[in-house]
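Reader: I would like a close look at one part of this model, the charged pairs. Please start with a single pair, then work outward to whatever surrounds the elements involved.

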Amino acid sequence: MRQGTIQNKESFLNNIAEKLGRERRTSGVERPFYQKQPQWDIMADYTTDQLVNVLKEQCTAIHTDVRETNIDGLPAVIDNVMKEYGAKKASIWDDPRFVEFGLTPFIERPDVSIWGSAPDEDDIKITEQADIGITFSDYTLAESGTVVLMNGGGKGQSVSLLPTFYIALIPLSTIVPRMSQVSKKIHEEAQAGNRVPSCINFISGPSNSADIELNLVVGVHGPVRACYILIDDR
């Protein structure tokens, strides 16, 4: 993929400094150090099993189904969830983990489409016509029941957004306590000069809104049901 370019960076930053009513600072800027950093203490000593329990409890609050399995049982669990949801056509990421987790027979089915395998203009059309989108989670936040998707290349964000239903495949090795651990990891990658995806999605269950009189409606502008399949990959 062609490396992206940054345009108008200098004029953009100069304009912000002007709006702030000062000269732009191009040196001597240091990241502040906070003596109190309680964000690292929360669930810091939790085992994976304890984090799983926190995640499962939070999923009841965000209207998300949870299934548990090991790698060998994963294909059958996916089939069971699709049958429960009445889903036949699936859209998935072009992600080597589908093979690593024994899902080669599943992804070779004629009713399973892989993002990026069609001409660009057709990927979105195919995905929006799929019944269910399936992705792996790159990081999983136990505290909020959130899956973190590092989009890019064959990992199109439409897969988790357009189909009627969504399945997140969550290896237990991806579970961390909360947002703090993920933001630190992303920062470290950026500091090391590694490419960070331009789109990182944080998904906490099916789409919902309480904009109208604070009445919660689940399934508004995206998947109406979501299922997290926890995979014991230890």
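Author: In this predicted model, Arg109 and Asp79 form a salt bridge through their side chains, with N and O 3.0 Å apart. Arg109 sits in the loop between α5 and β3 while Asp79 belongs to helix α3, so the contact ties together parts that are 30 residues apart in sequence. Both partners are partly exposed: Arg109 has a relative accessible area of 32%, and Asp79 has one of 30%.

A second pair also links distant parts of the chain. Lys155 and Asp138 make a salt bridge whose closest N and O atoms are 3.4 Å apart. Lys155 lies in the loop between β6 and β7 and Asp138 in the loop between β4 and β5, 17 residues apart. Because buried means under 20% relative accessible area, Lys155 at 18% counts as buried, and Asp138 at 17% also counts as buried.

A third pair stays within one helix. Lys185 and Glu189 meet at 3.5 Å, N to O. They are 4 residues apart in helix α7 (residues 179–191), which means that about one helical turn separates them. Lys185 is partly exposed at 33% relative accessibility, as is Glu189 at 27%. Elsewhere, Asp65, Arg67, Glu84 and Arg225 are joined into one network by salt bridges that share partners. The model has 13 salt bridges by the rule used.

Helix α3, which holds Asp79, leads to the sheet. This open sheet has 6 strands in the order β1-β12-β7-β4-β2-β3, with parallel pairing. At its edges are β1 (65–70) and β3 (112–114), each pairing on one side only. On average, neighbouring strands are turned by 20 degrees against each other, direction ignored. Helix α3 packs on this sheet and touches β1, β2, β4, β7 and β12, its direction making about 170 degrees with that of β12. At the β3 edge, 3 bridges join β2 to β3 in parallel, and Ser91 stands opposite Ser113 of β3.

Helix α3 also contributes to the largest nonpolar core. That core has 45 residues, among which Ile78, Phe106, Ile134, Ile167, Leu169 and Ile229 touch the most other members. Elements giving two or more residues to it include α3 (74–85), α5 (104–107), β4 (132–136), β7 (165–171) and β12 (225–232). Leaving aside residues up to four places away in sequence, Ile167 touches Ile78, Val81, Met82, Ile132, Gly133, Ile134, Thr135, Cys227 and Ile229. Of these contacts, Cys227 is buried, with a relative accessible area of 1%. In soluble globular proteins, nonpolar side chains tend to be buried together.

The loop with Lys155 begins after β6. Strand β6 has 5 of its 5 residues buried, so it is largely enclosed by the rest of the structure. Both of its faces are covered, with Thr146, Val148 and Met150 on one side and Val147 and Leu149 on the other. It runs antiparallel to β5 (residues 139–141), with 3 bridges between them, and Tyr139 stands opposite Val148. The hairpin of β5 and β6 has 4 residues between the strands, and there Gly145 takes a positive phi near 65 degrees. Strand β6 also pairs antiparallel with β9 (residues 200–203) over 4 bridges, where Leu149 has Asn201 as its bridge partner.

Note on methods: Residues are numbered from 1 along each chain as its sequence is written. This is a predicted model: local features need pLDDT of at least 70, side-chain atom pairs count only at pLDDT 80 or more; totals for chains, interfaces and linings use all residues. Side-chain values use heavy atoms; hydrogens and water are left out. Buried means under 20% relative accessible area, exposed over 50%, partly exposed in between (1.4 Å probe, protein chains only). A nonpolar core is a set of buried Ala, Val, Leu, Ile, Met, Phe, Trp, Tyr and Cys residues joined through side-chain atoms within 4.5 Å. Contact means heavy atoms within 4.5 Å. Two strands pair if DSSP finds at least two bridges between them. Axes are lines fitted to C-alpha atoms, for helices over the stretch in contact, and angles run from 0 to 180 degrees between N-to-C directions. A salt bridge is a side-chain nitrogen of Lys or Arg within 4 Å of a carboxyl oxygen of Asp or Glu.
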